[in-house]
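Please find below my comments on the model, set out as numbered points for discussion.

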Amino acid sequence: MLSPTITLSIKQEHTVKKITILLFVLLLTGCSTRYPLTTNLKLQVNNQPFGIYTDENSATLKGHDARKESAVVVYQLTGEPEIQIPNQSAPHFLVTEQLAAGLQEQGLVFESTSPVRIELDVNELVAVVSRPKRLYSAKAKSHLTLTIRNKAVSLTKTYNREANRDSLTRPPVQDLETLLNDQLTDIVNQILQDEEVQVTIRKR
C-alpha cells in the first residue's frame with residue numbers, strides 16, 4: 001500500500017502534466033494565424049475627362065461572375081487546412097460599378113433601351129499563398145473579358161494581370177488585397193483609356 005506522501009506526489013505529478021499540456025495547447029492556439037471571414041477589395045479609378053461621349057451616346061452595362069471558385073484569397077500551406085476567403089461583395093459588382101462610374105464621368109449615359117451592350121466577365125480573380133520551400137510565395141491573377149456589341153459591330157478584349165511576391169513571413173490578407181486591387185484598378189483604367197472601346201461605343 002502506498003504511503004500518503006507518495007500518493008500526494010503522484011497526484012502532483014499528474015497535475016503538473018495536465019497543466020503543461022494545457023499550456024502547450026493554449027500556446028499553439030495563441031500562435032495560430034487568424035484570418036478574416038471576408039476580404040474588402042477597393043478600386044481606385046483615375047478621374048476621367050468629360051466629353052469623350054455626348055448626350056447621344058448611351059449603353060447598358062452588365063457584369064458576370066465566371067469564376068470557378070468564390071474565394072479571392074487562398075492559403076495552401078503544407079500541414080495546414082486550406083483557407084479560402086471570399087470578398088464582401090461579388091467582384092463583378094465591384095468592377096462594373098467602378099467602370100460605370102468612369103464611363104459616366106466621361107459623359108456616357110446608361111439606358112436600358114440602348115443598342116450598345118457592354119458586358120464584363122470576371123473569369124479569374126485570386127491570390128494564392130503557398131510555401132514550396134523556405135519562402136512564402138504569393139501569386140495573384142486577374143483575368144477579365146470585355147465585350148461590346150453595337151448593332152452589327154462587336155468588340156471583345158481580354159485583360160490579364162499576374163504578380164508574384166516572395167517573403168520570409170506569411171503574407172497577411174491586406175497585402176494580398178493590395179495586389180488584387182492594383183490589378184483590377186489597372187484593368188479598369190485601361191478600359192476607360194482604350195480608344196478602340198470608345199470608338200465602338202460611339203459608333204452610330
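1. Tyr75 is buried, with a relative accessible area of 2%, and this places the residue well under the 20% limit that separates buried from partly exposed positions. The reader should bear in mind throughout that the model is a predicted one. Not counting residues up to four places away in sequence, Tyr75 touches Tyr35, Pro81, Glu82, Ile83, Ile85, Val129, Arg170, Pro171, Pro172, Val173 and Leu176.

2. A search of the whole structure returns 1 aromatic pair. The partners are Tyr35 and Tyr75, whose rings lie 4.6 Å centre to centre with 50° between the planes, so that the arrangement is classed as tilted, because a tilted pair is one that is neither under 30 degrees, as for stacked, nor over 60, as for edge-to-face. The pair links distant parts of the chain, 40 residues apart, with Tyr35 in the loop between helix H1 (4–31) and strand S1 (58–65) and Tyr75 in strand S2 (residues 71–76). Whereas Tyr75 is buried, Tyr35 counts as partly exposed, at 22% relative accessibility.

3. The largest nonpolar core comprises 43 residues, and Tyr75 is listed among those with the most contacts inside it, together with Leu99, Ile118, Leu146, Ile148, Leu176 and Ile201. At least two residues of this core come from each of S2, helix H2 (91–105), S5, S6, strand S7 (153–167), helix H3 (173–193) and helix H4 (195–202), and H3 gives the most, with 9 residues. As general background, nonpolar side chains tend to be buried together in soluble globular proteins.

4. The largest pocket holds about 290 Å³ of space, and of the 16 residues that line it, Glu69, Ala71, Glu124, Val126 and Val128 are the closest to its centre. S2, strand S5 (116–130) and strand S6 (136–150) each supply at least two residues of the lining, with S5 giving the most, 5 residues. What is the make-up of this lining by class? The lining of the largest pocket has 6 nonpolar, 3 polar and 7 charged residues.

5. A last position to consider is Val153, which is located in strand S7 and counts as partly exposed, at 27% relative accessibility. Leaving aside neighbours within four places in sequence, Val153 is in contact with Ile148, Thr200 and Lys203; of these partners, Ile148 also appears among the core residues with the most contacts. The C-alpha atoms of Val153 and Arg204 are separated by 9.9 Å, although the two residues are 51 residues apart along the chain.

Conventions
Residues are numbered from 1 along each chain as its sequence is written. This is a predicted model: local features need pLDDT of at least 70, side-chain atom pairs count only at pLDDT 80 or more; totals for chains, interfaces and linings use all residues. Side-chain values use heavy atoms; hydrogens and water are left out. Rings of Phe, Tyr and Trp (its six-membered ring) pair if their centres lie within 6.5 Å; planes under 30 degrees apart count as stacked, over 60 as edge-to-face and the rest as tilted. Helices (H or I, at least four residues) and strands (E, at least two) are DSSP runs, numbered from the N terminus. Buried means under 20% relative accessible area, exposed over 50%, partly exposed in between (1.4 Å probe, protein chains only). On a 1 Å grid over the protein atoms alone, a cavity is a set of points where a 1.4 Å probe fits but cannot get out, and a pocket is an open set with protein on both sides within 12 Å along at least five of seven lines; lining residues have an atom within 4 Å of a point. Grid points are joined across faces, edges and corners, and a volume is the space filled by probe spheres set on the points. Ala, Val, Leu, Ile, Met, Phe, Trp, Tyr, Cys and Pro count as nonpolar, Asp, Glu, Lys and Arg as charged, and the others, Gly among them, as polar. A nonpolar core is a set of buried Ala, Val, Leu, Ile, Met, Phe, Trp, Tyr and Cys residues joined through side-chain atoms within 4.5 Å. Contact means heavy atoms within 4.5 Å.
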